[in-house]
Each structure stands twice: as C-alpha cells, then as structure tokens.
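Let's walk through a structure together, one feature at a time. Have the picture open as you read.

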Amino acid sequence: MSQRVVILERLASGWRGLVVPCVILLVWEALACTGQLPPDTLPAPSRIGAAGFGALLDGSILLATGQTLLAALGGLVLAALLGVLGGVALALSPRVARVVGPSVEAMRPVPAVALMPLALLVFGFGLSMEVAVVAFACVWPVLVMTTAAVRGIEPRLLDVARVLEMGAGARLVRIIVPAALARIGVGLRLSMGIALVVAVTVEIAIDPRGLGFQLMTAQQSLRPDLMYAWLAWIGIIGWGLNRLLARVGTAGDAS
Amino acid sequence: MTRVQTVQTQPAAVSVCGVSLAYGTGVQRRTILAQMSFEVAAGEFLCLVGPSGCGKTTLLRVLAGLARPDAGQVLVDGVAISGPSRDRAIVFQDYSRALLPWRTVAGNVALGLEGAHGGDAARAIEARVAELLQTMSLAHVARHYPRQLSGGMQQRVQIARCLAQAPRLLLMDEPFGALDALTRQSLQDEVARLARAEGKTVVFITHDLEEAIYLGDRVIALAANPGRIEAEVAVEIPRPRHQLETREDARFLALRHQLFGLLAGH
Amino acid sequence: MSVDGGGTPVLRRVLQALRDSAAALAFAVCLVLLWHAVVAARLVSPVFLPAPARVFDELCVQIRDASLLEPLAATTWRMALGWALASAVGIALGGLVGASRSARTYLSPMLEFMRPLPASAIIPVAVLFLGLSDRMSIAVIAFGSIWPVLLATVQGFASTEAQLIELASALCMRPAAVLRKIVLPGAVPDIMAGMRVSLAIALILAVVTEMQASQIGLGQNILLAQRSYRSAELYAGILVLGVLGFVLNQGLALVEARLLRWRAAPG
C-alpha cells in the first residue's frame, strides 16, 4: 500500500515538474502565432516540432545520433581502459605514484577542447579525432576514482592474495578489480556524462559530423526551427543518458 | 566568577496544563503525550526520566515552543507561551548537529547574544563571550572549530551558548547521553553549580535514573505509549552533592530502588 | 604542523619529500628527452610533433614580444566575466529555488533537464541572437557554466541541517538572519564545489566560442596555428591553456581552503 502511495506521490510531483515548461511552451506558441516574436530567432514551438519530425523522417536524426554516440562510446572505452590500468598502477605502487603522478597531474588542467586542433592535425576530420579528444576528457574521473578505490581496498584482502600465492594478473582480475568495481563505476558514470558533452562540442567546433555539426549547420543555413529541434533532441539524449546512468548507478549500489 | 552573577535573572516558574500531542494521520496516528500536567517552581531543578518513546524530547520541544500541543497549554509565570522565546534556552542532545561548524567556539557562544543587543554591541558581546568561556573552561579553545573538540567540550560550548542568551528557563535534552562516564560526571557537577549560581529553572531530560536523582530537586518518571506521568518523587538530598558520597547516600539508594521498581514494572 | 616528533623524523620527512620531488622531476625530464629523441630520430613528422626546444623557443618569443599577452588577457577576461555572472545568478537563483519546497517541486525537473545539455550546444542559439560578438561568448560561457553552481546551491540550501533551523527558531532569529548565519554558510561547501566545476566549463567554453567566432584569444591562436601547420605554436598554445587552467584551479582551491578551514581535519 505504501509503495502505491510512493508511486502516486512521484506521479503527482512529476506532473508538477511539467507545469512550468508547458506554460512556457504555450505562451511561446501563442506569442509566436500572434506575430509578437521575430520568427527568424524564435519560431513557434509547433514549427520546431514539425522540423524535428522532418529530420526524424529523412533519417538524419538517426544517422547523426549514431555518429555522436559512437564517438562518445569509443572515447569512453578508451578512457576506461587507460584510466583503470593507470589508476591501478598509481594506487598499487607508491613509488610509481610519486614519480609519475606529478607528470600526469600536470596534464590534467589542459582543457580537452585545447587538444582539438592537435587531434585534427594528427588524425584529420572524422571519428578518430573525436574519440581521442573524448578519451582525454574522460580519462581523469576514471583514473582518480580507480586510484582512490584501489587505495581503499581492505589491506587484508591483498594479504589473502599473497597467502594464496596469486600472480599479479590473478590478483588484478580476482581481487583488485572486483573490490574496487563499485567506485570505478562511479568514475565511469561521471565520464559518461562528460563523453557526450565533449563529443557534441568537438562537432560544433571542428568535426563535420554528428549532432553538433547538424545543429551548427541548421543555424548557418538560417533554419532556426530546425536548429531548435536539434537542440531539443540533444537535450533529450543528454537527459535520457543521465537517467539511464542514474538507474544503473542505483542498481549497482543495491547489489 | 562572581561577575557572571551580575547578569543574574529571575528564574521562571512553569506550569504544564493538560498537554496532549499526537503525530501522524489516520491509522498511523500515534499519541505522544497524553494529558500531561505538572508544575516547575522558580529556581527548581526538575529531572524527567523515562524509557525511549515516552515523549521526553517532544515534551521539551513543547516547553521550548518549538512544537505546539494539540490540547492544553504551557504557562511561564502565568502567561501562556505561543512560540520560542530567548527566555527559554534549549540544549540539544546531539551536540554535533547543534553547533555551527563554520564558527569558532567563541563565535558559537556569541550566537546566543546576537540580536539581543540592538545595533552596535560588538564589544559588549565580545566581553560577555569571554566571560562565559571562562565560566565553562573553554577559554583555551576559543578559536577552535567544533570539529576539533571532544564531545564533552562541544556540549560545554552548547551550554555556554544557552547561558549567553540569559534564559530564565534552561531546557536540557539528554545532554550527556553520548559522553563517557568521567566527562559526564564533571559536566553534571558543573551544570548543577551553574544552575544554582545563576539562578535558573532547569528542566533536565535523561534516561539515566541515577543522573536524574543526582541532579534533580525533584524527579518525574514518565511511562511510554502514550507518554504520561508515572510517578513523582522529591529528592531531599542537600546540595552541593558529590559524585561519591551522594551516590552512596541511603536516601539516594532508596530513591533509586523506588524509581527503578516503577520504571522496570513496564 | 606539529614538531613534536623531534628533529630526526622531520628531517627524514623533508629528505623523503626532496627525493620524491627529484624523482618526479627526473621522470618529467625523461619524458621531454624521449619526446626530443622521437623527433630527432624522425619517427614522427615534425608537422605533428615539433621538438620540445622549438616549442619552448616559441613560448619564449611570445612572452618576450608580448604577443602572448593580448590573447591570454582576452580569454581570461571573457572566461572570468562569464563565470562571475554564472556564479552570481546561479547562487541567487539556486538560493531562491532551494529555500522553497514548492519552487523545488515545480522547477527542479526542468533544471535537471537543462543540466546534461551540452553547454556548447547553445552556441548556435547565442549566435542567432547576438551574432559573432563578445557578448555572444560571454552569454554562452555564463549560460553554460551556470548549471553546476545553480544545482549545487539548490542542493546546499535544501540540505540545511534541520536541528540548526530549530536552533535558529529557539533563538528567535529573523528569516534574514537565518539565511545569513545558518543556511548560506552551510551551503558554502556545495556552492564552492559547483563553482569549481563551473570554472572548468567556463574555460572550455571560452576556448570553443573563440574558435567559433574568430575572436582574439588562446583558442583561436591554436586553431590558426593548426590551420597553417605551425605546430610549435600549437603546442605552445596548449601549454599556456594548461597552465591557465592549473593556475585558476589552484587559485580557487586556495579560496576554498580559506573559506572552508572549519572543515579541515581535527587538530
């Protein structure tokens, strides 16, 4: 019974959250229809919806979304590999941490977008340069969380590994990674949020592909309705990904 | 510290008249306090003792004016209270969440003085804070932050803040419940001494029977579900009391037996 | 710091720290030497990877003829202005939303929707309204970096310790005093965390908007360097941006340590 109450309450509060956006959209629509708003900067929401529907029908939404998500995912996987391996190394050997740590730390404040021209120089336009920039941006949360997680492993667990005379590989796979997995997951979740943002940013600034490029193109070809449609779609993707991550996060914490 | 006595105020007399309070709605409605009535004389040290769930804390919140009873009223010097007042200071049980962690010890004590003096009274506040820190043996940690102090010291800060607001009624909610035995005993003696020296009416809540008898002029035992008065005994042991002698006193032991029987019977 | 351990352990700790720094420095030098060796052996085309000495020379030249100054100042100025705007509006708005339960119910879902939106995605909208101007850059920076500080402020205001609110009412504090003495200081840790994230976003957006709008700045510098294959200039620019990010972050960390010294480990 109490569960039903909770669900009802959530429905009720969710409904309240929709009030303000709906009012804004309605007022916007009304003003646009009566010609109060400049149509070349603020077209009516209905026209934006129509433009979005058109982009959905001609397949450009699907294609661009796929390209962006692929770049984000590729960068994320690369960052996860580098971050976890690097983090474990930094955490397990204080000496490595002392010697290599400062050099790694020195690279961290470089804004990822500053590497876009370099990535462009090395890889040219396309998927790989985007993946490289995304990976650079995403590696830090994974690295930091992995280092913290592995340092936080109960020392007795490592003693167990020593008593069982496990090799370095077995220790990594059977003890270290499972014990640190939850917090590594937190780092990955942070990185995943960054991945989409960076991918879209690279596309807006330089790389002629994906959601960001479509958004830019719509603006430059004087299609504000289409531009707002792309913007809304990017927002929905970001929000959906965020919700998915939150769900994965709570499921992970529960297990 | 004789200077402290310069700010002495007339202690307040309290009467609690038929106070009832319930929380929740429908089936889940639970009566916390049922028709509770008692009196506290001016300058009296009253201890309320009872098991968990007897509504001790709720009763104290009603006295402070932080909770409003469903029925009945609380009179202070014959006037019904309608909300919190600087005349009534409350020492919360959980000292770690009752101090401002971003203020120093001196800053936390000053909180009890701020707003009381209109306009530019910084110097007066400073002087009074210094005085109170002396009284509570906190002068050496005046510039420390709460987090840097032990539980006992934090509770001292809270008591000092309450004294700072110059209350006529001091309400204490299991203030020493989380402290170790030695700290607790020294704070008990200090509170007893201060209450006498500064002339405060004190309502002191505890679940520790011996603490109640040791500190109180009178002890009211509460029963749970719903919270109500079970028994009332006067403690006729002269002051000042001593941790060892008083606790071995025949009157002390007799009261302990009497109250223990009453409370354990439920 | 206490010196209760006597001279020897302190000395040992200092020596250890010195040795660590030396090792870390040596490693960094080795990296640079390796970089030099790779270039010298022509393993990578100098178009992609210039020799470290050339990058260093480029940097020295830019510092000496002060040509670094203008883009550095322009980028920092736009970023700082946008970030300051975002922080001021974010804290004020976040405070309003956070202090009222009904405002949270009605507005939080919309704010949560805005947060994951890539900040750079509003560049075209800003261009549409403001053209390729400085105002466009600052608007994008401010809009993009407002969300972390706004949501952190909402969080900080909403999670005020209930007992402290009770204490405030026991002390008969006025609402303004409760806000100033209890709620706001309690939210400072959250606000600072939000402002730090915002700062990083502000720098990123400053660089991106420069590239878009062809404004004088470090971001445009590196893009132009790349287009004309002046790789030493490109690397020097990246280096300067890294140092800028580092200095800003350290500066904010100092402010934070000062504001939050009450949170430091018990002493």
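**Reading a helical assembly**

Q: What does the secondary structure of chain A come to?

A: Chain A has ten helices and zero strands. Keep in mind that we're looking at a predicted model. If you read along the sequence of chain A, you get the pattern α-α-α-α-α-α-α-α-α-α.

Q: How do I get a feel for the overall shape of chain A?

A: One handy way is to compare the radius of gyration with what a globule would give. For 255 residues, a compact globule would come out near 18 Å, but chain A has 23 Å. You can also put a box around the C-alpha atoms: along the principal axes, the one for chain A is roughly 80 × 60 × 30 Å. As for burial, 37% of the 255 residues of chain A count as buried.

Q: Which domains does the assignment give for chain A?

A: Domain 1 covers 1-37 and domain 2 covers 45-254. The C-alpha centres of these two domains of chain A lie 32 Å apart. Contacts tell you something else: among those in chain A between residues at least 6 apart in sequence, 73% join residues at least 24 apart.

Q: How many residues of chain A and chain C are in contact?

A: Here 44 residues of chain A touch 43 residues of chain C. On the chain A side, helices H1, H4, H5, H8, H9 and H10 each supply at least two residues. H10(A) gives the most, with nine residues. Sort the chain A side by residue type and you find 30 nonpolar, twelve polar and two charged.

Q: What does chain C's contact with chain B look like?

A: That contact takes 15 residues from chain C and 20 residues from chain B. On the chain C side, helix H7 (162-170) and H8 each supply at least two residues, and H7(C) gives the most, with six. The chain C side divides into ten nonpolar, three polar and two charged residues.

Q: Why does Gly82(C) count as buried?

A: The idea is to count neighbours: 20 or more other C-beta atoms within 10 Å make a residue buried. Gly82(C) has 27 C-beta neighbours inside 10 Å, so it counts as buried. Gly82(C) lies in helix H3 (residues 69-99) of chain C. Leaving aside neighbours within four places in sequence, Gly82(C) is in contact with Ile138(C), Ile141(C), Ala142(C), Ser145(C) and Ala202(C). Residues distant in sequence can also be compared in space: Leu199(C) is 117 residues away from Gly82(C) along the chain, yet their C-alpha atoms are separated by 9.5 Å.

Q: Where does H4(C) bend?

A: Start with the length. Helix H4 of chain C (residues 101-114) has 14 residues and reaches 20 Å from its first C-alpha to its last, close to the 20 Å expected. Then follow the axis: H4(C) bends by about 45° at Leu107(C), with a proline, Pro109(C), following within four residues.

Q: Is helix H9 of chain C mostly covered or mostly uncovered?

A: Mostly covered: eight of the ten residues of H9(C), which spans 218-227, are buried. Among them are Leu218(C), Ile222(C) and Leu223(C). The buried residues of H9(C) pack against H5 of chain A, together with H3, H8 and H10 of chain C. Just past the helix, look at the backbone: H9(C) is followed by Tyr229(C), whose phi is positive, near 55°.

Note on methods. Residues are numbered from 1 along each chain as its sequence is written. Chains are lettered from A and ligands numbered from 1 in the order in which they are written. This is a predicted model: local features need pLDDT of at least 70, side-chain atom pairs count only at pLDDT 80 or more; totals for chains, interfaces and linings use all residues. Two residues are in contact if their C-beta atoms, placed from the backbone, lie within 7 Å. Ala, Val, Leu, Ile, Met, Phe, Trp, Tyr, Cys and Pro count as nonpolar, Asp, Glu, Lys and Arg as charged, and the others, Gly among them, as polar. Domain bounds come from an automatic or database domain assignment. The expected span of a helix is 1.5 Å times one less than its number of residues. The bend at a residue is the angle between axes fitted to the seven residues ending there and the seven starting there. A residue is buried if 20 or more other C-beta atoms lie within 10 Å of its own, exposed if 12 or fewer, and partly exposed in between; C-beta atoms are placed from the backbone. The radius of gyration is taken over C-alpha atoms; the globule rule is 2.2 Å times the number of residues to the power 0.38.
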